[in-house]
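Could you walk me through this structure step by step, telling me what to select next and what I will find there? I have it open in a viewer and have not looked at it before.

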Amino acid sequence: MKISVRNTLEGKILSIKEGPVSTEVVIETAAGEKLVSSITTTSAKTLGLKVGGKAYAIIKASNVMIGVDD
C-alpha cells in the first residue's frame, strides 16, 4: 500500500459495530492507543474487516482541535 498521507498507524481491529449506513471500527495501535473511525457500512464490507485483523488508521486532517477541562 502506497499513499501520500504521512499519518498512518498500523493496528489490530478490536471491535466493529455495524449499522445500516455507518460502521464504527476501533483499532488499537502497538502503543496501546485506541482509535475510532466511522466509515460507511458498504466500505467496511468491501474491506473485509474482521475483529483481530490488521488494519491501518490513515489520518488526513488540515487542523487539530485541542480542549481542556474547566
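A word on terms before the first selection: two strands count as paired if DSSP finds at least two bridges between them, and a strand is a DSSP run of at least two E residues, numbered from the N terminus. Keep in mind, too, that this is a predicted model.

**Stop 1: the whole chain**

Start with everything shown as a cartoon. You should find 1 helix and 4 strands, and if you follow the chain from the N terminus, the elements come in the order β-β-β-α-β. The C-alpha atoms fill a box of roughly 40 × 30 × 25 Å along the principal axes. If you switch on the surface, its accessible area is about 5,800 Å², and carbon and sulfur atoms account for 54% of that. Of the 70 residues, 17% are buried. Among contacts between residues at least 6 apart in sequence, 42% join residues at least 24 apart.

**Stop 2: the sheet**

Now select the strands. They form an open sheet of 4 strands in the order β3-β2-β1-β4, with antiparallel pairing. At the edges lie β3 (34-40) and β4 (54-59), each of which pairs on one side only. Turn the view a little: neighbouring strands in this sheet are rotated by 45° against each other on average, ignoring direction. As a general point, strands of a sheet pair through backbone hydrogen bonds, either parallel or antiparallel.

**Stop 3: the hairpin**

Select residues 7-18, which are β1, together with residues 22-29, which are β2. These two strands form a hairpin, with 3 residues between them. The antiparallel strands β1 and β2 are joined by 7 bridges. To see one of these partnerships, pick E18 and look across to T23 in β2, its bridge partner.

**Stop 4: out to both edges**

Keep β2 and add β3. This antiparallel pair has 7 bridges, and the partner of I27 in β3 is L35. Then go to the other edge by showing β1 with β4. They also pair in the antiparallel sense, over 6 bridges, and here G11 has A55 in β4 as its bridge partner.

**Stop 5: a threonine under cover**

Which residues does T29 touch, leaving aside those up to four places away in sequence? Select T29, which lies in strand β2, and show its surroundings: L9, E10, G11 and L35 are in contact with T29. The relative accessible area of T29 is 12%. Since buried means under 20%, T29 counts as buried.

**Stop 6: salt bridges**

The structure holds 4 salt bridges, and three make good selections here, beginning with E10 and K54.

- E10 and K54: their side chains meet in a salt bridge at 4.0 Å, N to O. The pair links distant parts of the chain, with E10 in strand β1 and K54 in strand β4, 44 residues apart. E10 is partly exposed at 44% relative accessible area, whereas K54 is exposed at 57%.
- K45 and E18: the closest N and O atoms of this salt bridge are 3.7 Å apart. This pair also links distant parts of the chain: K45 sits in helix α1 (residues 41-47) and E18 in strand β1, 27 residues apart. K45 is exposed, with 58% relative accessibility, and E18 is exposed as well, with 54%.
- K17 and E24: these side chains form a salt bridge at 3.9 Å, N to O. K17 is exposed, at 56% relative accessible area, while E24 is partly exposed, at 31%.

You have met E18 before: besides its salt bridge with K45, E18 has T23 as its bridge partner in β2.

**Stop 7: a nonpolar patch**

For the last selection, show M1, I3, Y56 and I58 as a surface. Together they form a nonpolar patch with about 410 Å² of accessible area. Zoom in on I3, which is found in the segment before β1. Is I3 buried or exposed, or something in between? With a relative accessible area of 43%, I3 is partly exposed, because that value falls between the 20% limit for buried and the 50% limit for exposed.

Conventions:
Residues are numbered from 1 along each chain as its sequence is written. This is a predicted model: local features need pLDDT of at least 70, side-chain atom pairs count only at pLDDT 80 or more; totals for chains, interfaces and linings use all residues. Side-chain values use heavy atoms; hydrogens and water are left out. Patches are made of residues with over 30% relative accessible area and no salt bridge: like charges are joined within 9 Å, nonpolar side chains (Val, Leu, Ile, Met, Phe, Trp, Tyr) within 5 Å. Accessible areas come from the Shrake-Rupley method with a 1.4 Å probe; for residues, only the protein chains shown count as cover. Buried means under 20% relative accessible area, exposed over 50%, partly exposed in between (1.4 Å probe, protein chains only). Axes are lines fitted to C-alpha atoms, for helices over the stretch in contact, and angles run from 0 to 180 degrees between N-to-C directions. Contact means heavy atoms within 4.5 Å.
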